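The following report treats selected helices and strands of one model and the turns that adjoin them. Please view the structure alongside the text.

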Amino acid sequence: LNIAEGEKYTVSDIRVADAKSVIPSAEIRKMIAIKSGDAFSREALTASSGKISERLGEDGYAFANVNAVPEINKEKHQVAFTFVVDPLQRAYVRRINVTGNDKTKDEVIRREFRQMEGGWFATSKIKKSKQRIDKLGFFASVNVETQAVQGTNDQLDLNLSIAEKPTGNFQAGMGFSNNEGLTFMGGVTQSNLFGTGN
């Protein structure tokens, strides 16, 4: 493998094109992890775009486009970036689909959801919903995926797929003492009785 790294580039300027953005440019600037004078870092650039997209997702803009457009100066080995933020159409959640809950009732899972059907899409509510379902302790894995509804540009379905794990426990024991003779003991615990979450 022959590797030519080329010259190291520094960031000369960071600009925000906020013609279409619903977030003030001052707030967007605070989310940009790379600053003028820094060495170019693709990781920091990607993280900044992700942060801005996530913030737009809080206001329902699930399909937002965030692009960092570069302007390269090869002579000075510098690069300037213009963040172009286009929120596109605001989206709301049409339906929440739950699959994989063979034992646990739907209502046990749905009552932990903070994102509501018919409500504006909100990234933090979906994250919190996933965390709350995880904390129940009934499931080995919890995955949430968003799916655009065909024929519309402002609706999403949330697909929640879970894998259940055993929630019951049975214990039995036997002992012997001079006073009581042979003794037996047993116990049954079930943290999700009949799938009710009780």
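Glycine 60, just after helix α2, adopts a positive phi of about 95°. Helices (H or I, at least four residues) and strands (E, at least two) are DSSP runs, numbered from the N terminus. This is a predicted model, in which local features need pLDDT of at least 70 and side-chain atom pairs count only at pLDDT 80 or more, while totals for chains, interfaces and linings use all residues. Residues are numbered from 1 along each chain as its sequence is written, and side-chain values use heavy atoms, with hydrogens and water left out.

**Helices α2 and α4**

The expected span of a helix is 1.5 Å times one less than its number of residues. For both helices in the table, the expected span agrees with the distance between the end C-alpha atoms.

| Helix | Residues in helix | Expected span | End C-alpha distance |
|---|---|---|---|
| α2 (residues 42-58) | 17 residues | 24 Å | 25 Å |
| α4 | 13 residues | 18 Å | 19 Å |

Buried means under 20% relative accessible area, exposed over 50%, and partly exposed in between (1.4 Å probe, protein chains only). In α2, the buried residues are Ala44, Leu45, Ser48, Ser49, Ile52, Leu56 and Gly57. Their cover includes α1 (25-31), β2 (65-73), β3 (78-86) and α4 (123-135), where contact means heavy atoms within 4.5 Å.

In α4, the buried residues are Thr123, Ile126, Ser129 and Ile133. Because they cover an arc of only 130° around the axis, they lie on the same side of α4; the arc is that of the directions from the helix axis to the C-beta atoms. The buried residues of α4 pack against α2, α3 (106-110), β5 (139-148) and β6 (155-164). Just after α4, glycine 137 has a positive phi of about 80°.

**Strand pairs**

Two strands pair if DSSP finds at least two bridges between them. Strands β5 and β6 are paired in the antiparallel sense over nine bridges, and glutamine 147 stands opposite aspartate 157 in β6. The hairpin of β5 and β6 has six residues between the strands, and in this hairpin glycine 151 takes a positive phi near 90°.

Strand β7 (residues 168-177) is hardly covered, with a count of zero buried residues among its ten residues. An antiparallel pairing over ten bridges links β7 to strand β8 (residues 181-190). Three residues lie between β7 and β8 in the hairpin that they form, and serine 177 has glycine 181 in β8 as its bridge partner.
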